[in-house]
Every structure is written in structure tokens, then in C-alpha cells.
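Let's go through some of the labels one might put on this structure and ask what backs each of them up.

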Amino acid sequence: MSLYPDNSNHKMNDETLEELISQGMKQSGTHINFLWQGGEPALAGLAFYQKVIEFEKQYGQGKVVGNGFQTNATLIDEKWADFLKENNFLVGLSLDGPKHIHDKYRTYKNDKGSWEKIHNVAQMLIRKGIEVNAMVSLTDYSAKYPQEIYSFLTKLGIRWMQFIPVVERDKEDPNKAADFSLNPNDYSNFLLQTFMLWYKDLSEGEQSYIRYFENLFYRYVDLDSPECTLESSCGSYVVVEHNGDVYACDYFVESKWKLGNIKENRLIDMLNSDKQLRFGKIKEKLSDECQSCQFLSFCYGGCPKDRIRDPNDNGQNHFCKSFKQFLSLTESYFKDLAEQWKSDRINLKNQSTLDMSGYF
């Protein structure tokens, strides 16, 4: 809102949408992915996404097109679900776990929790055969319940999970984390306990897909990770706002990192611009501790958004301790899996997902 104070309507119009999809199709390779998020992307209305599909078909040029839809599900009904299924949308669902966990922070304006609605939507999406990823926010509260969250999601039928550590700057003191932020010790404990649950299921042929663990595995077999937070630099994608303005990253939508506008500039040029390259190098400004760390190639300082101080300095990542503890305790497991994979006993399923089911 602060970037566009003179305009309360932040819905992308058809002209801008068409330009976005047209450019994306013309300037990409054989595959392209669009991730629709907000705020809440469903606020744009179902007709907006019907236009999305129309333009993708018009400009598709035989490409493989993926659509991701990251939603809190409060507006999703049967009509939405049927559309998402028909058009093969991957749904990232903001569902933090059982009721007491989810409703701790995810409430409506009247302070009523949103869990019942989201839980019902999740069941409906799964029943219709829609691919659903759980987008779990880890806070000072939720991170204390790793087994409860994992068990809840797997029993619900969601085996694709992304755990998102929450750390925000304190309003009074921007050099420290807000009270609801995830504690590094709790994060390392959450990761370790969840890893053991994941590994146990894997060994019994009941595989779950946890983004962080899978992307770490790429590093153990000397491949580039699909996740930018595990790479040495940033800047592998761009964000397009409602009016066509383009920014370097969804965590840094601020005037400093505005790259241009799709009505005046080409997406591919902005993605490869000097400013985007400068943004990508922010991550390379590491502390001496990071540069001498044995796990540097598995982290590279983590996401710059998690450096409490200004991201242009070499402030330590808020979760540095978490990563070190977790990686030191799971290294032998990952190395064992990597050796098996290198022996052709584990195969990559696709560019972003590992399929190790059926091996153990």
C-alpha cells in the first residue's frame, strides 16, 4: 500500500495482464511458471484467472505452462475449486496445522479463527484431486509442535509441505526480531524432528515432500538447488505488480529495487539488468563466520530477508544457528542418501522434486 498510496485498487487490468503473459511466453524457454499471489490472489476474482487461461492459450506457442496459486482459501468455494482442477493449478494453501496452531495468528478482523473454513476447503481440494501444498508459517508458537503439524497434514492427505520461518523486525527496534518471530533454537528443533518423521516415512515407503529437505539434497549430489535461498546469489525471478511495475524479489518490493515496468521494458531485459545483478550479489556479502563455515555451500548465508540488519551489510542470518545445528545432525543421513542416488538407486523425479519412494 505504501508504494501506491494514491490507488486503492490493486487489481491488474486486462491490458497489463495480457502484456505480462505475452512477454512471458515470448521470452521464455520451453517451460514457464506463473505464481499468483497477493496479498490474497482470490481477491482478483475468478474472471481474472479465466482471462489468465485465455491469454496463456492465445500466446502459449506450444510451451508447457504452470500456474501456482498461493491462497489463504477464505474465498475459495466449489466454483473456484472446479476451475483450479480443470486448469491444473498447483495450490499453495496457508494452513499451519491443527486448529489451536492455525488460529493462534490466522484470525479474521473479529478475532475469530479461520481454521474451520480453511480445513473444509483443504478437504474439498483434496477430494477433487487438486495438487495442494501446505504453506506452513513457523512462529514462536507453531514451531513447538513439529510432530503434531506433520501428523495433521499427512493424515489430511497433504504430503507436499513448505515450512516458512517467520522473522519480522520489531517496530520499536528494527535491529531485533519481533516477539512473534521464530526462535532459532525452536527452528532447529522443528527441522530436526520433522526430518526424522520425514525420514521414517521415506524408509517405510510413505514419502512426503518437504521443500527444504529436497532442495538440500540437491546440494549433497552436487547439483544446483531449485530454491534461491540455498544458492550463492539471488535474482533468479522477478515480481510484477498490479500496474506492471517489476521488482527484484517478492521480499524486496520497494522503490530501491524497482527494475522497470512491462509496458516500457522487456521482462527478460529487467531480469538480466545491472540492477538485478546487483540485487543478486547482496547475498554474497557474508560475515567472516559465514565464509569459514563448513556448511557454506548448503546455505550461503540464507535468505537476505532474514538478516535482521540492513540487507546491504554483512549481518548474520537470524537462523544461522538453526541451520548449523540441523545440518550437523543430519549430514550423515543426507550423505547416505546421496551415495545411494549416485549409485543410480535413487532417481530424480523432475527438476524440483525427488522421488525416493519404493527404494527402501
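**Aromatic pairs and a helix contact**

This is a predicted model, and counting rings whose centres lie within 6.5 Å gives 32 aromatic pairs.

Q: Why is the pair of Phe 195 and Trp 198 called tilted?
A: Their ring planes sit at 40°, with centres 5.4 Å apart. Under 30 degrees would be stacked and over 60 edge-to-face, so what falls in between is tilted.

Q: What makes Phe 195 and Trp 198 about one helical turn apart?
A: Both belong to helix α7, and they are 3 residues apart there.

Q: How do you know whether Phe 195 and Trp 198 are buried or exposed?
A: Buried means under 20% relative accessible area. Phe 195 comes in at 0% and Trp 198 at 1%, so both are buried.

Q: What makes Phe 252 and Phe 279 an edge-to-face pair?
A: Their planes are at 70°, and the cut-off is over 60, so edge-to-face it is. The pair links distant parts of the chain: Phe 252 is in the loop between β8 and β9, Phe 279 is in helix α10, and 27 residues separate them.

Q: Why is α6 called oblique to α7?
A: The two helices pack at about 40°, their axes 9 Å apart. Roughly parallel needs under 35 degrees and roughly perpendicular starts at 65, so this angle counts as oblique. On the α6 side, the contact is made by Pro 146, Gln 147, Ile 149 and Tyr 150; the α7 side includes Phe 190 and Trp 198.

Note on methods
Residues numbered from 1 in each chain as written. Predicted model: local features only at pLDDT ≥ 70, side-chain atom pairs only at ≥ 80, totals over all residues. Heavy atoms only, no water. Axes fitted to C-alpha atoms, helices over the stretch in contact; angles between N-to-C directions. Helix = DSSP H or I, 4+ residues; strand = E, 2+ residues; numbered from the N terminus. Contact = heavy atoms within 4.5 Å. Phe/Tyr/Trp six-rings, centres within 6.5 Å; stacked < 30°, edge-to-face > 60°. Buried < 20%, exposed > 50% of the residue type's maximum accessible area, 1.4 Å probe, protein only.
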